[in-house]
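Work through the exercises below with the sequence and the model open. Each task is followed by a solution in steps.

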Amino acid sequence: PARTRRTEVRMGKKKAAARGGVSKRTPSKGLSETGLEAVADDAFEQVEEAEAAAAIAGGGARTVNPELQKRLDLLAELSRRGDIRGFVRVFVPHDLTEDDTDYFAGELEGDETRWQQLAQEVQLIADGSKVLKIVGDQTTRAEFRYLMPNQALAIQREVVFYCENGDWRAEG
C-alpha cells in the first residue's frame with residue numbers, strides 16, 4: 001500500500017523539464033540570448049562611461065594635426081562671433097551645392113537652439129579638453145568622440161572631419 005501511494009503521488013507531478021524548470025538530469029541553459037545581450041549591453045555601457053571619465057580626467061584629446069587644429073579654431077571663432085554664414089562656408093562638405101549650403105545656413109539662422117548646440121560642440125572639439133577620443137589618422141580623416149554638452153544624460157556623439165586637397169571639412 002505504501003508503494004502504491006508513492007507511485008500515485010509521482011504520477012501527479014510533472015517533471016521539472018516539462019514545467020520549464022531545470023531537472024537534475026539536464027544541465028542549466030543559463031541566461032536566454034536576450035538576457036545575455038542585456039548583460040553585455042550594460043557591461044559595454046559601463047566600460048564606455050569609465051573610458052569617458054578617464055579621458056576627461058586626463059585632459060581630453062586634441063588633434064595632433066596643426067592644419068586641422070587651425071580649421072577647428074577658425075570654426076570655434078566664427079561660432080563665438082555668431083557668424084553662421086561664414087561658419088557654414090568652411091564647415092560643410094566640398095560636394096554640397098551652393099543652394100544646399102545656403103539652405104543649411106538658413107536652417108541654422110532660423111533655429112537658435114540648433115545653432116547654439118552646433119557651436120558648442122565645435123568649440124568643445126577645438127578645445128579638446130572634453131573630447132573622449134579621436135579615431136582616424138588625423139591626416140586625411142579624424143572622428144572626434146565627445147559627450148554632448150549641456151545635457152543631463154551622458155550622450156556620446158561623434159563628428160568626422162576629412163581632408164580634401166589640404167582643406168578640412170565636416171563629413172556629410
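**Exercise 1: Phe161 and the core**

Task: list the contacts of Phe161, leaving aside its neighbours within four places in sequence.

Solution. Contact means heavy atoms within 4.5 Å. With neighbours within four places in sequence left aside, Phe161 is in contact with Leu68, Leu72, Leu75, Phe91, Thr140, Arg141, Ala142, Phe144, Trp168, Arg169 and Ala170.

The model is predicted: local features need pLDDT of at least 70, and side-chain atom pairs count only at pLDDT 80 or more, while totals for chains, interfaces and linings use all residues. Residues are numbered from 1 along each chain as its sequence is written, and side-chain values use heavy atoms, with hydrogens and water left out.

Next, place Phe161 in the largest nonpolar core (a set of buried Ala, Val, Leu, Ile, Met, Phe, Trp, Tyr and Cys residues joined through side-chain atoms within 4.5 Å). This core has 31 residues, and Phe87, Val88, Phe91, Phe144 and Phe161 touch the most other members. Among the elements that give two or more residues to this core are helix H3 (66–81), helix H4 (84–91), strand S2 (141–147) and strand S3 (156–164). Helix H6 gives the most, with seven residues. Helices (H or I, at least four residues) and strands (E, at least two) are DSSP runs, numbered from the N terminus.

**Exercise 2: the faces of H5**

Task: which residues of H5 are buried, and how are they arranged around its axis?

Solution. Buried means under 20% relative accessible area, exposed over 50%, and partly exposed in between (1.4 Å probe, protein chains only). The buried residues of H5 are Thr101, Phe104, Ala105 and Leu108. Seen down the axis of H5, these buried residues fall within an arc of 95°, so they line one face of the helix; the arc is that of the directions from the helix axis to the C-beta atoms. The buried residues pack against H4 and H6. On the other side of H5, Asp99, Tyr103 and Gly110 are exposed.

**Exercise 3: two charged residues**

Task: are Arg80 and Glu143 buried or exposed?

Solution. Arg80, in helix H3, is exposed because its relative accessible area is 53%. The C-alpha atoms of Arg80 and Ala119 are separated by 7.3 Å, although the two are 39 residues apart along the chain.

Glu143, in strand S2, is buried because its relative accessible area is 11%. Leaving aside neighbours within four places in sequence, Glu143 is in contact with Lys133, Ile134, Val135, Glu158, Val159 and Val160.
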